[in-house]
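This report covers one protein chain, from its overall build to its core and its strand pairing. The sequence and structure come first.

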Amino acid sequence: MCNTLPRVFEKTYTVTDELAVHFMGTDAPPVLSTPALLLWMEMTSRESIKELLLPGQDTVGVGVTLKHLAATPVGWQVRVVTNLVKIEGRIYTLEIEAFDKTEKVGEATHQRAAVTVAKFAERVRAKQKPA
């Protein structure tokens, strides 16, 4: 386990039609949606810090500031690069950039909190019980 900061990790995804927005009609080709870009950034962040956690722990997103800078067409790949810049207690802060083959398409700052999976699951189940 390496606790040296910064800690860089990257993963590549492909823009599919299901992840694209189509609201501009036939005049504009479908492009990667902002929610899909955010999902990729979150999942890449989670994967990048998983090995730093104790057994029985995982992380949940607790904050994000995202800029979607450019459109990426269906069929293109997006490379998401996370950089773990700070650990404060159970909060991990990451700087994230996303690139397609021509330019940077997104950037974000993201915070994730370490949680004990069993305790987290117990809290969620307690919320689901009828009042």
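The text below goes through the fold, the surface, the nonpolar core and the paired strands.

**Overall build**

The model is predicted. Its chain has 131 residues, and 31% of them are buried. Two helices and seven strands make up the secondary structure. Read from the N terminus, the order of these elements is β-β-β-α-β-β-β-β-α. The C-alpha trace measures about 50 × 45 × 20 Å along its principal axes.

Among contacts with a separation of 6 or more, 67% are between residues 24 or more positions apart.

**Surface and charge**

The chain exposes an accessible surface of about 8000 Å². Carbon and sulfur atoms hold 56% of that surface. There are 16 positive and 15 negative charges, and the mean positions of the two sets lie 11 Å apart.

**Nonpolar core**

The largest nonpolar core contains 21 residues. Those that touch the most other members are Leu32, Trp40, Met41, Val78, Val80, Tyr92 and Ala98. Two or more residues each come from α1 (34-49), β5 (77-88), β6 (91-99) and β7 (104-116). The top contributor is α1, which supplies five residues.

What does Trp40 touch, leaving aside residues up to four places away in sequence? Its contacts are Tyr13, Thr14, Val15, Leu19, Leu32, Val78 and Val80. Of these, Leu32, Val78 and Val80 are also listed with Trp40 among the core residues that touch the most other members.

**Strand pairing around β7**

Strand β7 contributes to the core and also pairs with β4 and with β6. The two pairings are set out here.

| Strand pair | Sense | Bridges |
|---|---|---|
| β4 (residues 57-68) and β7 | antiparallel | eleven bridges |
| β6 and β7 | antiparallel | nine bridges |

One residue pair can be named for each side of β7. On the β4 side, Thr65 has Thr109 of β7 as its bridge partner. On the β6 side, Leu94 stands opposite His110 of β7.

How many residues does the hairpin that joins β6 to β7 pass through? The link consists of four residues.

In a regular strand, side chains alternate between the two faces of the sheet. That is a general point to keep in mind when viewing these strands.

**In short**

The chain combines two helices with seven strands. Its largest nonpolar core draws most on α1, while β7 is bridged to β4 and to β6.

Definitions and conventions:
Residues numbered from 1 in each chain as written. Predicted model: local features only at pLDDT ≥ 70, side-chain atom pairs only at ≥ 80, totals over all residues. Heavy atoms only, no water. Buried < 20%, exposed > 50% of the residue type's maximum accessible area, 1.4 Å probe, protein only. Contact = heavy atoms within 4.5 Å. Areas by Shrake-Rupley, 256 points an atom, 1.4 Å probe, with all protein chains shown as cover. Lys, Arg positive; Asp, Glu negative; His and termini not counted. Charge placed at Lys NZ, Arg CZ, Asp CG, Glu CD. Core = buried A, V, L, I, M, F, W, Y, C linked by side-chain atoms within 4.5 Å. Pairing = 2+ DSSP bridges.
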